[in-house]
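User: Hello! I would like a close look at one part of this structure, with the terms spelled out as we go.

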Amino acid sequence: MALEGFGPAFAFWLLSAITLISAGGVMMARNLLHAVLFLIVTFIGVAGFFILLSAEFIAMAQVVIYVGAVAVLILFAILLTPRSARDNSETVWGAPAALLSIALAAVLIFVIHDTAWSETNSFQAPSVEDLGRALLSTWVLPFQLASVLLTAALIGAIMLVRSPEEEAEDALS
Amino acid sequence: MTPGLDHFLTVGALLFCLGLIVALSKRNAIGVLMGIELMLNAVNVTLLAFHRFTESANPVAGQTFVVFVITVAAAEAAVALALAVSFYRNRETVDVDRINLLRS
Amino acid sequence: MTSAIKSEPFILNIGPQHPSTHGVFRVKVTVDGERILDAEMVMGYLHRSMEKLAEERTYTQNIPFTDRTDYLSSMSNNLGYCLAVEKLAGIDVPDRGQAIRVIMAELQRLASHCMAVGAFANDTGAWQTPVMWAFREREKILDLFEMTAGARLTCNYMRIGGVAFDLPKDFVPMARDLMKTFPAFIDDIDGMLTENEIFLVRTRGVAVISPELAVNGSLAGPMLRGSGIAWDIRKADPYCGYEKYDFDIPIGYQGDSFDRFIVRLEEMRQSVRIVQQALDALPGGPHSTQVPLALRPPAGEAYARVEGPRGELGYYVVSDEGPSPYRFHIRPPSFINLSVLKEMTVGGSVADAIVALGSVDIVVGEIDR
Amino acid sequence: MNLPFLVSDKWYDIRDLGNLSGAILDQLDKVLPYGLVYVIAILIGFIASFLIFVLPTQLFLGVLGERKIIGRIQSRYGPNRVGPFGTLQPIADALKLIQKEALIPTAADRWVMLIAPIVFVAPAVLLFAVLPFGPNMVIADVPVSLIYFLAVSSLPVLGAFMAGWSANNKYSLYGAMRIVAMAISYEVPLVMSLLGVALLSSTLSLQGMVFWQKDVHLWMIFLQPIAFAVYFICVSAELNRTPADIAEAESEIVAGYLTEYSGMQWGLFYGMDIGYALAAAAFASTVFLGGWSMWGLEEYVPSWLIFAVKTQLFYLLFLWTRGTLPRLRIDQLMAFAWKFLLPLALLNLLIVATEKVIWTQEELGDGIVFLFAPINIVAAAVLVYAWAKVNGYRPENTPKKPRMVKDATGYIPASGGGR
């Protein structure tokens with residue numbers, strides 16, 4: 001069942017344009033800061049897609065986590081590296097990567113349009129409550145694993161950015 | 001034209017390929033990370049598109065998957081940026097081509 | 001504040017146009033993130049060559065210059081200069097003149113400390129409220145100056161041999177009323193700031209001056225007393241009959257910004273006490289001795305010092321029997337107190353540097369003269 | 001008068017803005033070509049929300065109230081020249097700012113600097129979309145409006161960052177760094193405190209929370225005082241209100257990220273600061289103070305009036321702190337967020353979760369909240385004090401009066417001051 005009506009269609013095409021153009025901006029921007037700003041627009045566009053696909057909670061989580069946390073973290077990391085390290089140019093692998101990606105895109109689009117997907121006609125958008133129940137019953141083990149992963153990442157990140165002086169202090173004590 | 005599954009999948013694929021170009025070709029470690037984030041987002045769009053448009057025995061599975069992907073992506077971003085900052089501190093560069101300590 | 005991330009040090013210009021330099025004064029700090037590695041003071045943006053200009057004018061004509069060095073305490077500056085010239089020429093001042101001088105100097109100290117306390121709170125980020133409250137009280141003191149001297153800021157009131165005019169007849173009751181209400185204002189500021197947890201963490205332990213540094217840096221006034229050194233020219237070398245009045249010297253504990261702040265607050269209370277005593281015992285008689293307009297003191301030199309609001313305010317005058325001083329030099333307390341700014345700021349953060357600068361209580365007109 | 005979209009016949013009850021706009025749009029859809037009505041709806045919605053919420057609350061109550069009340073706190077009058085009692089002052093300011101040239105330094109990143117105010121302003125309008133002004137008066141009744149609010153309110157930080165970075169000024173960069181660091185740190189306890197609220201009311205919808213508080217006849221502030229305190233502190237930090245306005249600390253870094261802005265670009269930042277404060281106040285009065293409900297009073301008084309009064313009273317708290325408190329240093333603020341607020345928010349979450357389990361497992365009625373409320377208030381007081389002690393809060397160790405001596409005798413060492 002496709003999305004009926006003018007509104008979703010209009011939103012879809014608008015969001016596609018915004019997302020893809022800003023993703024292109026990430027690729028083309030010479031300044032790393034500009035690339036991050038384009039990336040943020042892409043994140044917001046993807047959140048729009050999530051709303052179109054009737055996953056409001058995920059969309060909001062996308063904005064909170066990606067725009068509010070990950071993008072801000074990236075900005076912070078960029079500011080902590082000096083001005084000279086803020087260019088966003090390509091390595092020699094630019095042209096091969098582009099060729100590979102274009103080939104991959106061609107294959108993917110061919111597959112997408114050639115396959116007869118078994119589309120449903122009776123979609124019922126799950127509520128946040130359903131999602132919460134699923135996470136804490138069916139998927140409780142992955143959920144716990146994800147929380148462990150986050151804790152490990154937190155501690156790992158803190159250990160990584162400690163300065164040598166602090167490590168020396170800890171070794172002495 | 002009403003958007004259906006094909007359209008969402010196409011957008012996801014294009015986004016993925018753009019992310020791939022960025023991840024493969026950028027000189028800066030943080031730029032590479034941004035490419036990876038783009039690819040993860042493309043995957044999320046695809047997952048939710050399937051969740052929305054296809055038959056499933058478990059109707060929340062698609063959203064659950066996306067939650068896990070976002071979680072892992074956040075953890076990955078934190079560690080990767082910590083690596084970049086830490087690496088810059090030790091080697092004064094974030095150029096991925098010059099991260100070659102293991103090369104003799 | 002330890003910096004966990006190594007970043008490139010860079011130079012930050014605090015001033016000459018900056019909200020917290022209290023004028024055109026510039027500190028060139030080298031910072032690593034928020035931590036200050038080095039501080040260099042650049043001054044002279046307000047230099048007006050007063051000491052040289054004074055050599056071309058008669059002794060009386062120089063009094064208005066002294067108004068304009070420390071424009072927040074013109075009475076104290078007038079007093080210091082007049083004392084120096086009187087010492088040089090051997091002129092006596094009548095009792096009433098002495099008492100009026102004491103009243104004016106202490107009122108000036110109150111006005112100046114109002115400004116210092118308010119501006120210091122402003123530097124810690126208390127968004128203008130303390131400064132506005134302090135200004136309200138300061139205006140009342142300036143009203144008294146206006147009715148006596150005709151000017152509010154640059155009073156030009158003291159004269160060699162006394163004061164310019166006698167007190168107007170409303171002055172004593174009005175001053176008495178003000179001194180009754182003034183302690184309530186000090187308590188207000190006390191309640192709002194010294195009991196404030198945020199103010200405490202911002203100022204306690206910030207910009208500590210050790211007693212050794214305070215003495216070696218030749219500091220004076222609240223800066224010196226904040227470090228726990230009991231020193232006050234009014235007690236150590238009394239002038240204008242300060243030995244007749246009963247007052248205490250407040251001293252701090254460890255010499256941080258908070259100690260300097262509470263010392264200033266307490267000095268305001270003591271000043272109120274002095275003014276009340278002086279008003280009660282105001283003698284009659286002439287307010288000034290007659291001094292020839294073209295005063296030619298005998299050859300020689302004289303140094304007189306008063307306890308200005310910012311510390312030891314000294315005037316050094318050399319005469320060659322001419323109508324104007326041969327050499328005229330000011331010992332400006334702000335300038336000398338500022339000399340320890342580097343020791344106060346290095347190692348702290350930018351925010352601490354602003355607090356340190358605010359606790360020095362500088363007046364740029366006096367630094368650059 | 002019998003209009004199809006009105007729910008009741010009370011004259012003041014502009015019930016159901018959704019019904020009204022829906023009725024208009026239905027009629028328009030019949031005459032206009034296919035789909036055009038959606039574009040019109042977007043435009044009308046944007047303009048109407050700007051006219052209804054942003055302009056009056058912000059320009060008049062926000063800017064004028066801020067200047068008047070802070071003026072009174074500082075024992076001065078505030079604006080009183082333009083118009084009766086200075087009420088037209090915001091308009092005069094806006095006119096002046098529009099006339100001024102918006103300077104862009106040569107070395108600045110021109111486009112980012114131009115876009116930054118827009119990025120900063122746009123979310124402020126979006127925030128008001130999910131706030132319920134009455135039983136039916138909510139523009140978009142999103143089921144996840146709590147998270148929507150959090151998501152949208154994390155966007156202006158980016159605008160501020162862009163402003164600070166693009167100006168290519170060291171002070172601006174300081175402001176940008178500080179605001180980013182603050183946003184990351186304070187988002188965590190903020191979300192943790194709101195998690196407890198969502199847990200207790202078992203809904204993520206703001207409208208649902210108001211109904212929940214209406215049903216149990218108790219406001220959330222009495223049930224979770226810690227969450228309220230943590231929310232208030234975190235939000236004033238995120239909004240750069242005074243105990244935590246380090247990102248635009250006037251006495252330290254000139255104006256932070258706004259240093260190089262002038263004209264209406266600066267005016268947008270300034271005005272929207274107040275807009276965000278009002279939105280945060282509206283959010284707090286919805287979540288913690290019962291929103292439009294007032295123990296039955298909403299039957300007799302328009303609900304939006306109750307809501308507006310609560311919002312403005314909460315906003316008064318912001319003004320009060322702004323007029324009174326000095327500013328903390330950045331490391332102290334960071335330590336405060338991580339060492340003090342986050343553990344408290346987690347403890348609050350623990351208490352609330354326990355109570356929720358007891359409540360649902362034992363199948364107790366709604367009346368049990370009147371037992372929980374005093375327990376939680378006492379627990380909050382004890383926890384805050386105890387945690388402060390653990391963190392080294394020793395107010396008695398600081399002598400607040402100087403020592404007094406009679407004579408100028410030189411150095412007197414401080415004996416056992418305890419410092």
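In which helix is A:Val26 found, and what surrounds that residue?

Analyst: Happy to help! This is a predicted model, where local features need pLDDT of at least 70, side-chain atom pairs count only at pLDDT 80 or more, and totals for chains, interfaces and linings use all residues. Residues are numbered from 1 along each chain as its sequence is written, while chains are lettered from A and ligands numbered from 1 in the order in which they are written.

A:Val26 is found in helix H1 of chain A, residues 6-28 (helices are DSSP runs of H or I with at least four residues, numbered from the N terminus). A:Val26 counts as buried because it has 27 C-beta neighbours inside 10 Å; the cut-off for buried is 20 or more other C-beta atoms within 10 Å, with C-beta atoms placed from the backbone.

Leaving aside residues up to four places away in sequence, A:Val26 touches A:Ala35, A:Phe38, A:Leu39 and A:Thr42, along with B:Val22, B:Met34 and B:Leu38 from chain B. Contact here puts the two C-beta atoms, placed from the backbone, within 7 Å. As for A:Leu73, 47 residues apart from A:Val26 along the chain, the two C-alpha atoms are separated by 17 Å.

Now for the wider interface. The contact between the two chains takes 76 residues from chain A and 62 from chain B. On the chain B side, H1 (5-25), H2 (29-53) and H3 (61-91) each supply at least two residues, and H3(B) gives the most, with 20.

How values were computed:
A residue is buried if 20 or more other C-beta atoms lie within 10 Å of its own, exposed if 12 or fewer, and partly exposed in between; C-beta atoms are placed from the backbone.
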